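Biologist: Could you walk me through this chain, one question at a time?

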Amino acid sequence: MDRASDQKMESEAQPKVEDPEKKKKKEEKAREKEAKKLKAAKKAEAAKLQAQQVSNTSKTAKRKNLKKESGEENPEDYVDPETPFGEKKYLSQQMAKQFNPNAVEKSWYSWWEKSGFFVADSCSSKPPFVIVLPPPNVTGALHIGHALTSAIQDTIIRWRRMSGYNTLWVPGMDHAGIATQVVVEKKIMREWKLTRHDVGRERFVSEVWNWKNEHGGTILKQLRRLGSSLDWSRECFTMDEKRSKAVIEAFVRLYKEGLIYRDLRLVNWDCILRTAISDIEVDYLDIKERTPLKVPGYEKPVEFGVLTSFAYPLEGGLDDPRYSHLHGKFAIHPFNGRKLPIVCDAILVDRNFGTGSVKITPAHDPNDFEVGKRHNLDFINIFTDDGKINSNGSPEFAGMLRFTAREAVTAALQRKGLYRGAKNNEMRLVWPNKPLMLFFDEENRKIEIIPKQYAAEWKRWLENIRDWCVSRQLWWGHQVPAWYVTLKDDELKELGAYNDHWVVARNEEEARTEARHIFAGKEFQICQDPDVLDTWFSSGLFPLTVLGWPDDTDDLKAFYPTSVLETGHDILFFWVARMVMLGIKLGGDVPFRKVYLHPMIRDAHGRKMSKSLGNVIDPLEVINGIALEGLQKRLEEGNLDRTELEVAKDGQRKDFPNGIPECGADALRFALVSYTAQSDRINLDIQRVVGYRQWCNKLWNAVRFAMSKLGDDYTPPASIVPDVMPFSCKWILSVLNKAVSKTVSSLDSYEFSDAASAVFSWWQFQLCDVFIEAVKPYFTSDDPKVASARGFAQDTLWVCLDNGLRLLHPFMPFVTEELWQRLPSSRDCARKESIMICEYPSVVEHLALVLFSHRQPLSSGSTISEHHKELLPRHPLLKGTCISTYLLGNEALTKTSVSAKKVSCLSQQHCGSFELYHFQLTNSSPHVTSPEVDMSTSRTEQLFDFHFDQKMLLNFLGQQCWTNDRIEYEMDMVESAVKSLRSLRSLMPAKERHERRSGFALCRTDAVTEIIKSHELEISTLATLSSLKVLRENDAAPAGCAISVVNESLSVYLKLQGTLNAEAEREKLKKKMEEIEKQRDNLTKMMDASGYQEKVPARIREENEAKLSMLMRELLSFEDASQHLEREIAAEASTNDN
């Protein structure tokens, strides 16, 4: 070979120098081409999988149809087998054809409880969420107020449990001192014809305990029927051993700090119960004039609202009509001759009212008591503890009942010539309503009160608070841990004769030790104070004592303070304020961070529920149903007199003529929670509960439909990719995402009605009314184009039902558990035992994955540069050869770093629901190896090892957000068109309304034309059309049609077969045009107003101009429609003439 040829070959072997810019473009094109190939491959694989599932479903459906045609349907297949108590419910082979609340709500609760799903773990690393159930009275039975409390609290607890919290809902009972004592006193009087005083204290208290053990706590058993997921392992009673120990400890500590003391005070006294009751335990009845009222213990009514005038004999006579010289002198008691001092008091007496003078009784009136203290008057009590006159009230009246004595006193004054008459007098009557002094810093409060309207009331009450009388003269309750020391050389031996002879101690032995110390060297005897503590004292300690206080228990450390107190606003001061006071003082912190006060329940007419009105609603009667006869029998078994009984029966006949149908616990719960938006009262209409029971049937049928379309061999998808799905599937996932967001945000802000509404609206108006109807052609059509979408519809159905049932579960636990248990489970992860321990749905957002170079891997504790923060998404951020993952939130809550090939977790904190991925960097295609999935908590780590080519990383990991505003906009257009077409159909004769008709859509813009053409199938399906033709503005309007204007850009026509209801159409168009003209005129007037251009921001002016333009276009559309209607009417008239 010659030299020239060698040189030529050498030249050919040398690489050509390529332009860097061209090289870069080639590489970019190659990457784009590779990405397109991968995307196409993924779509092909998805289509193949969908086709396979469609095939399986079709085969299953055929088998079922053959079985049905052969008449092999067995009724027993639709009945649930009997389930042993505490075992997981045995479900029927086939879903029943209708929802039956009794059948559905059976067996689930005992299994939940036995499985330990309600039990909190004090050692858990999950964040705690704690509610203490307001302890119902041991005497109580379930009433509608308890049902409301349970429904709200269980909704909160179930939501928090599913959201990954260590939830604790503590049940307990209150010993209810007054109420329980009254019940047992009536029992022994009925059975033994004896009073408690006849029986004696020790035997009486023993009898109360017997009654409590036999009959008490019924309400807690009834709460199970409502589905209340209480931690029964921590159930307690305010007088059990642990709580009694805590009450004594609290009393002793507060006494030693001087916060509990003995003193003479004016109290409200109940003469029947023979005990003091506090100011907030009485109602005030305003009397305008003479008013006879029934008073316990008196045969005839007692007259109130009367001012009696009489004269007092004066020491030395009366010389000056204005009495000024009488200051310091005395009047003489007309019956016992006692001297009564005359004092001047400008605070109490108005000299311009009446005579300018008034008699006072310092021991029997709050205002007089204050005057007595100001002037050092004697406090003379004239009543016995059962309301009779004692010896201080004059011997001739001693032993009389107080109101009987009043009549005798009046007669005696008349005999003495001292009576001066009586007249009407407006007054306020104190009436019993039902059987410590600390400080609150308003500026630095740690408690949020919801609704906010009660915060001002809370502050006002605390600013005017008085010392709380904590003793009650009862026998049932915590006996005051105070002992009276009687010294041998004491002159007076009566209990309490010397105020400095009291000692307070935890037990008698400690009391003796204390007495020996105080009275050293003296002989003495001790006797415990017979009084008991106010029931609200032990209830006020409840958030502490249920967690083990005063011991430093694991529960106390893990769960105090609690998270929220939910109760009625009527006990804001009875209970809530006292818990706050005692919690701060003894627990070192407020007992809860939030207080949610629910409304009070009244009947459908807004009346307070009363046995005498017959409008009291028993929740169990709503759950189980009851006939009118049953309701009236319950009234007859009560203690109403004959007149009250007839009034009550008449009320029941009007309100419940057919009794109350069986609604179930789920429907009752959902109705009560939905009502909470009604300010401070709920007007409960049972028909609304019935409506939600019917809605449960809608849910049932939705799942039945889905199960029939999924087939026996269906396997749920591991993930969802909305982009490759049909329009209806994209839309339902988008609105589901927004329903989840609205529900969670509403629950978080204690707007329970809004949360319930968001869930209801999605299920009812979007899933059932639109999506399920829209996808039916996918399961019935033989068109290959439609059938190919069947698999996507199946996947979307499953995802919607799985998410929708979990979303609804806190509100309706029974039906959602039953339906969820019937759903097929995904093969990619172990299925949870129960829906109640599944993860609560969360919004599906983009996982934004950003790659850029980073020379050095991040070390533990490294911070992010400002440049990185700008790129920081709400989900994983990946950095070149180093991957850092940030999840949920604007702060770096969870971070993992890798260098080159291995990921190691550097730190971890709780951040709600999240996923943590482990990555490996290789050059192979992306795939997942060795998945380990544990979904047991919201802080679960999903551990995957991903092998991926960096070029394909974003395509593989970029999760799509379900929310799609464009798709929702298009569906809004579709629904508006369908609504208009259905409206036209409703004007047809009844016999023609269900026939399929041709429809036409007149589109005035290219954008609307594209939307309507793209969704002809959905419009035709939802509007029950035989066909849909899209027209442009220049096309001739179809003849023989009714027209409806959807908006300024779209009108729809429906083909008629009969006569057009011209008058109805005219009236409809006229009303709509008048409404638009009114909006146009108002907007024009506002825009023409003086100073509009100068005062209104430019953005608002632009919006108003656009709105005005839209109204003008819409008006033109209605004018076109009106002209079309007139042409149709004229054409029809011409045809008739011919």
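The questions and answers below go through confidence, helices and a few backbone details.

Biologist: Before we look at any details, what kind of model is this, and what is the mean pLDDT of the chain?

Modeller: Good place to start: this is a predicted model. Of the residues in the chain, 75% reach a pLDDT of 70 or more. The mean pLDDT of the chain is 77.

Biologist: Which element of the chain has the lowest mean pLDDT?

Modeller: At the high end is strand β2, residues 166-170, with a mean of 97. At the other end the mean is 29, for residues 902-908. The element with that lowest value is strand β28.

Biologist: How many contacts beyond four places in sequence does the model have for residues 847-959?

Modeller: Over residues 847-959 the pLDDT stays under 50. Residues 430-444 also have a pLDDT below 50, and that stretch has 40 contacts beyond near neighbours in sequence. For residues 847-959, the number of contacts beyond four places in sequence is 231.

Biologist: Let's turn to helix α25. How far apart are its end C-alpha atoms, and what span should its residues have?

Modeller: Helix α25 covers residues 752-774, which is 23 residues. At 1.5 Å a residue, that helix should span 33 Å. The distance in the model agrees with this: the end C-alpha atoms are 31 Å apart.

Biologist: At which residue does α25 bend?

Modeller: The bend in α25 is about 40°. The residue in question also takes part in the contact with α24. The bend is at L767.

Biologist: How are α24 and α25 oriented to each other?

Modeller: Helix α24 spans residues 727-748, and its axis comes within 8 Å of that of α25. The two axes cross at roughly 170°. An angle over 145 degrees counts as roughly antiparallel. Therefore α24 and α25 are roughly antiparallel.

Biologist: Which class of residue, nonpolar, polar or charged, has 16 members in the contact of α24 with α25?

Modeller: On the α24 side, the residues include W731, I732, V735 and L736. Among those they meet in α25 are W762, V770 and F771. The contact has four polar and two charged residues, and the class with 16 is nonpolar.

Biologist: What is the orientation of α10 relative to α18?

Modeller: Helix α10 (residues 241-256) and helix α18 (residues 572-587) have axes 11 Å apart, at an angle of about 80°. Angles of 65 to 115 degrees count as roughly perpendicular. That makes α10 and α18 roughly perpendicular.

Biologist: Which residues of α18 does α10 meet?

Modeller: From α10, the residues in this contact are A250, R253 and L254. By class, the contact of α10 with α18 has four nonpolar, no polar and two charged residues. The residues met in α18 are L582, K585 and L586.

Biologist: How are α22 and α29 oriented to each other?

Modeller: In helix α22 (residues 664-674), A665, D666 and R669 meet P813, F814 and V815 of helix α29 (residues 813-822). The axes are 7 Å apart and the angle is about 125°. Therefore α22 and α29 are oblique to each other.

Biologist: Last one: where is the cis peptide bond with omega near 0°?

Modeller: One cis bond joins W549 and P550, with omega about 15°. P550 sits in the loop between α16 and α17, whereas P561 is in the loop between α17 and β21. The cis bond with omega near 0° runs from Y560 to P561.

Terms used
Residues numbered from 1 in each chain as written. Predicted model: local features only at pLDDT ≥ 70, side-chain atom pairs only at ≥ 80, totals over all residues. Heavy atoms only, no water. pLDDT = per-residue confidence, 0-100. Helix = DSSP H or I, 4+ residues; strand = E, 2+ residues; numbered from the N terminus. Contact = heavy atoms within 4.5 Å. Expected span 1.5 Å × (residues − 1). Bend = angle between axes of the 7 residues up to and from the residue. Axes fitted to C-alpha atoms, helices over the stretch in contact; angles between N-to-C directions. Parallel < 35°, antiparallel > 145°, perpendicular 65-115°, else oblique. Nonpolar A, V, L, I, M, F, W, Y, C, P; charged D, E, K, R; others polar.
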